[in-house]
Amino acid sequence: MNFISSLKSLLRSEEEEQTPNPNPNFIVRPSRIKHMLQILMESHVQVSLVFDNQLECTSRLLDVSTNELILDQLNNRAAHLKMLPGTVIQVNAKHHAVPFNFSSTITGTLHDGSYLMAMPEKIYHPQKRSFFRVPIENIEKYKFTAAIQFSENLISGYVYDVSFGGICIAVYSNSYVKKGSILTPASMTLKDGSTIQLDLTVCSVKKSPLEGFTRVGCEFLNLASQEKREIHKFITACERERAKK
């Protein structure tokens, strides 16, 4: 699957499974839950398992499939004996200092001693953003290019989503960019095919080999009044396009 096809596939799956979510502190879409758990797994984050008797121990995610998770074997014998099919446990973790908590049910064990767990129905993951971001339709139309300040490196990709405070761009996995980088000058394609020049601060970099691209979350930096109006018009047009579907 090529770069654009991979992006479109993820956007379609999220669109098809979209459900009303009045509480932004919880992730409820199945595709989004799976994606976030994959990030947790790829980051090798330790998770804390809490049982109903308040017994607590640590483990890590070994695999994430469509319907199940695989947890690493526990060293605590008392906890290991509780990992029986039907047991409900609380899983707590932090990723980039943000809580990542959910409850799930043990469904079985594997020959290597690891545990199968059902995919959670929701994940508590409070939003740090001040603005809601709007996913972009026809992502291939909205190209993005930028130079990294004090560097000879350039990045290019496509606008993945947009808000009044910033954008998320999808770039090729081999692109070199890190949190805190300043992207200047940067160029972004708008609805009518014109481009807007702006500066951005990189707030997050999320690489996913499974998707084949890297998501780069950025905040607008010293956005001028004219550019701000253009961004607002772009967001309004994107929201109207989504409302027609």
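How many helices and strands does the protein chain have? In this predicted model, the chain has 4 helices and 16 strands. Of its 245 residues, 44% are buried. The accessible surface comes to about 13,300 Å², and carbon and sulfur atoms account for 50% of that area. Contacts can also be sorted by how far apart the partners are along the chain. Among contacts in the protein chain with a separation of 6 or more, 56% are between residues 24 or more positions apart.

With this overview in hand, a good place to begin is the charged side chains. The structure holds 1 salt bridge, and its partners are D72 and R60, whose side chains meet at 3.4 Å, N to O. This pair links distant parts of the chain, with the two positions 12 residues apart in the numbering: D72 belongs to the loop between β5 (68-71) and α3 (77-82), while R60 belongs to the loop between β3 (56-59) and β4 (61-64). Are the two partners buried or exposed? D72 counts as partly exposed because its relative accessibility is 26%, a value that falls between the 20% limit for buried residues and the 50% limit for exposed ones. R60 is also partly exposed, with a relative accessible area of 37%.

D72 takes part in a further interaction, this time through its backbone. The backbone oxygen of D72 lies 2.9 Å from a polar atom of the side chain of S59. S59 is placed in strand β3. With a relative accessible area of 6%, S59 is buried. Which residues surround S59? Leaving aside neighbours within four places in sequence, S59 is in contact with V45, Q46, V47, L49, L71, D72 and L74.

A similar kind of contact is found at H125, in the loop between β9 (123-124) and β10 (134-135). A polar atom of the H125 side chain lies 3.0 Å from the backbone oxygen of P99. H125 also shows how the fold can bring together positions that are separated in sequence: H125 and N101 are 24 residues apart along the chain, yet their C-alpha atoms are separated by 6.9 Å. Although H125 is a loop residue, it counts as buried because its relative accessibility is 10%, under the 20% cut-off.

Aromatic rings offer another view of the structure. A search of the whole structure finds 2 aromatic pairs. One of them is formed by Y142 and F234, whose ring centres are 5.4 Å apart and whose planes meet at 70°, an edge-to-face arrangement. The two residues are 92 residues apart and come from distant parts of the chain, with Y142 in the loop between β10 and β11 (143-148) and F234 in helix α4 (residues 225-243). Y142 is buried, with a relative accessible area of 3%, and F234 is buried with a relative accessible area of 3% as well. A ring can also have a charge for a partner. The charged end of K122 sits over the ring of F26, at 4.7 Å from the ring centre.

The backbone has some notable details too. The peptide bond from T184 to P185 is cis, with omega near -5°, and P185 is found in strand β14 (residues 182-189). Where do positive phi angles appear in residues that are not glycine? H44 has a positive phi of about 55° and lies in the loop between α2 (30-42) and β2 (47-50). F150 has a positive phi of about 60° and is placed in the loop between β11 and β12 (154-162). H44 is exposed, with a relative accessible area of 61%. F150 is exposed as well, with a relative accessible area of 81%.

The last residue to visit is E219, in strand β16 (residues 213-220). At 45% relative accessibility, E219 counts as partly exposed. Leaving aside neighbours within four places in sequence, E219 is in contact with G165, G166, D199, L200, T201 and C203. E219 and S204 are 15 residues apart in sequence, and their C-alpha atoms are 9.7 Å apart in space.

Methods:
Residues are numbered from 1 along each chain as its sequence is written. This is a predicted model: local features need pLDDT of at least 70, side-chain atom pairs count only at pLDDT 80 or more; totals for chains, interfaces and linings use all residues. Side-chain values use heavy atoms; hydrogens and water are left out. Buried means under 20% relative accessible area, exposed over 50%, partly exposed in between (1.4 Å probe, protein chains only). A polar contact is a pair of N or O atoms within 3.5 Å; within protein, one must be able to donate a hydrogen and the other to accept it, and residues adjacent in sequence count only if both atoms are side-chain atoms. A salt bridge is a side-chain nitrogen of Lys or Arg within 4 Å of a carboxyl oxygen of Asp or Glu. Contact means heavy atoms within 4.5 Å. Rings of Phe, Tyr and Trp (its six-membered ring) pair if their centres lie within 6.5 Å; planes under 30 degrees apart count as stacked, over 60 as edge-to-face and the rest as tilted. A charge sits over a ring if NZ of Lys or CZ of Arg is within 6 Å of the ring centre and within 35 degrees of the ring normal. Accessible areas come from the Shrake-Rupley method with a 1.4 Å probe; for residues, only the protein chains shown count as cover.
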